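This report is written for someone who meets the structure for the first time. It moves from the overall make-up to the core, then to one strand and a few single residues.

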Amino acid sequence: MKAFNRYLLGTALLLICFGTSLYSQGASHVIILTVDTEVLNQDDPAAACTFNVANESVTVVEVSEPAKDFTILVKPEDFVEWEGVTTSGEEVDIEMIEFKSGGKSKNIFAKTKNKGAKKNGAKKKVKEKVKKNAANKEYIYAIHFMVDGEIYQFDPKIKAQ
């Protein structure tokens, strides 16, 4: 009987630990950059771009034109993933997400530069986790993306709560 009680206690502790680790994982936010290649230029790439979110539960703070004013709300330990597409449905590689520091501002992510990666031969995406100690403020980051072999960049925002 003692072995059975130990088995039950061990199983209960294992379930509690597993459940706690699942609960502590942050939400996942997928941001989709859509590029209109007909109007895309280096002078103002944001004017040719729009953002959308793949999940309706993502809180969008600002969706105005131009795309550089797009802002979503995230919580510490949430995951943010950026992917891209053109208005005609072609793939857009997200080359890098780069934190723009200013003054005493700390990075919202673990790394200042997060390079895009291909998974299973698909387009490049960037996925990053919001730091546990992200301050309750708005951050500016640079999104670098490639269309037809040329890299473009502009600076949208992300807000931690």
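In this predicted model, a search of the whole structure finds seven aromatic pairs. One aromatic cluster is formed by Phe-51, Phe-70, Phe-145, Tyr-152 and Phe-154. Another ring, that of Phe-79, has the charged end of Lys-127 sitting over it, 5.3 Å from the ring centre.

**Overall make-up**

The protein holds one helix and 11 strands, and the order of its elements from the N terminus is α-β-β-β-β-β-β-β-β-β-β-β. Of its 161 residues, 36% are buried. When contacts between residues at least 6 apart in sequence are considered, 59% of them join residues at least 24 apart.

**The nonpolar core**

The largest nonpolar core has 33 residues, and those that touch the most other members are Leu-33, Trp-82, Ile-108, Ile-143, Phe-145, Phe-154 and Ile-158. Two or more residues of this core come from each of the strands E1 (28–35), E2 (49–53), E4 (71–74), E5 (79–86), E6 (91–99), E9 (138–147), E10 (150–154) and E11 (157–160). With five residues, E9 gives the most to this core.

Leu-33 shows what such a position looks like in detail: leaving aside residues up to four places away in sequence, Leu-33 touches Cys-49, Thr-50, Phe-51, Glu-83, Gly-84, Val-85, Ile-94, Ile-143, Phe-145 and Phe-154. Phe-51, Phe-145 and Phe-154, which are among these contacts, also belong to the aromatic cluster.

**Strand E6 and its partners**

Strand E6 is largely enclosed by the rest of the structure, because eight of its nine residues are buried. The table lists the strands that pair with E6, together with one facing pair of residues for each.

| Strands | Sense | Bridges | Facing residues |
|---|---|---|---|
| E5 and E6 | antiparallel | two bridges | Gly-84 and Val-92 |
| E6 and E9 | antiparallel | six bridges | Phe-99 and Tyr-141 |
| E6 and E7 (residues 113–115) | antiparallel | three bridges | Ile-97 and Asn-114 |

The hairpin of E5 and E6 has four residues between the strands, and within this hairpin Gly-89 takes a positive phi near 95°.

**Glu-83 in strand E5**

Is Glu-83, whose side chain can be viewed in the structure above, buried or exposed? Glu-83 lies in strand E5, and its relative accessible area is 16%, under the 20% limit, so Glu-83 counts as buried. The side chain of Glu-83 is joined to that of Lys-125 by a polar contact of 3.5 Å. Not counting residues up to four places away in sequence, Glu-83 touches Val-30, Ile-31, Ile-32, Leu-33, Ile-94, Lys-123 and Lys-125; Leu-33, one of these, is also among the core residues that touch the most other members.

**Ala-160 in strand E11**

Ala-160 is found in strand E11, and with a relative accessible area of 0% Ala-160 is buried. Although Ala-160 and Ala-134 are 26 residues apart in sequence, their C-alpha atoms are 6.5 Å apart in space. Beyond residues up to four places away in sequence, Ala-160 touches Leu-73, Val-74, Ile-108, Ala-134, Ala-135, Asn-136, Lys-137 and Tyr-139. This list of contacts includes Ile-108, which is one of the core residues that touch the most other members.

How values were computed:
Residues are numbered from 1 along each chain as its sequence is written. This is a predicted model: local features need pLDDT of at least 70, side-chain atom pairs count only at pLDDT 80 or more; totals for chains, interfaces and linings use all residues. Side-chain values use heavy atoms; hydrogens and water are left out. Rings of Phe, Tyr and Trp (its six-membered ring) pair if their centres lie within 6.5 Å; planes under 30 degrees apart count as stacked, over 60 as edge-to-face and the rest as tilted. A charge sits over a ring if NZ of Lys or CZ of Arg is within 6 Å of the ring centre and within 35 degrees of the ring normal. A nonpolar core is a set of buried Ala, Val, Leu, Ile, Met, Phe, Trp, Tyr and Cys residues joined through side-chain atoms within 4.5 Å. Buried means under 20% relative accessible area, exposed over 50%, partly exposed in between (1.4 Å probe, protein chains only). Contact means heavy atoms within 4.5 Å. Two strands pair if DSSP finds at least two bridges between them. A polar contact is a pair of N or O atoms within 3.5 Å; within protein, one must be able to donate a hydrogen and the other to accept it, and residues adjacent in sequence count only if both atoms are side-chain atoms.
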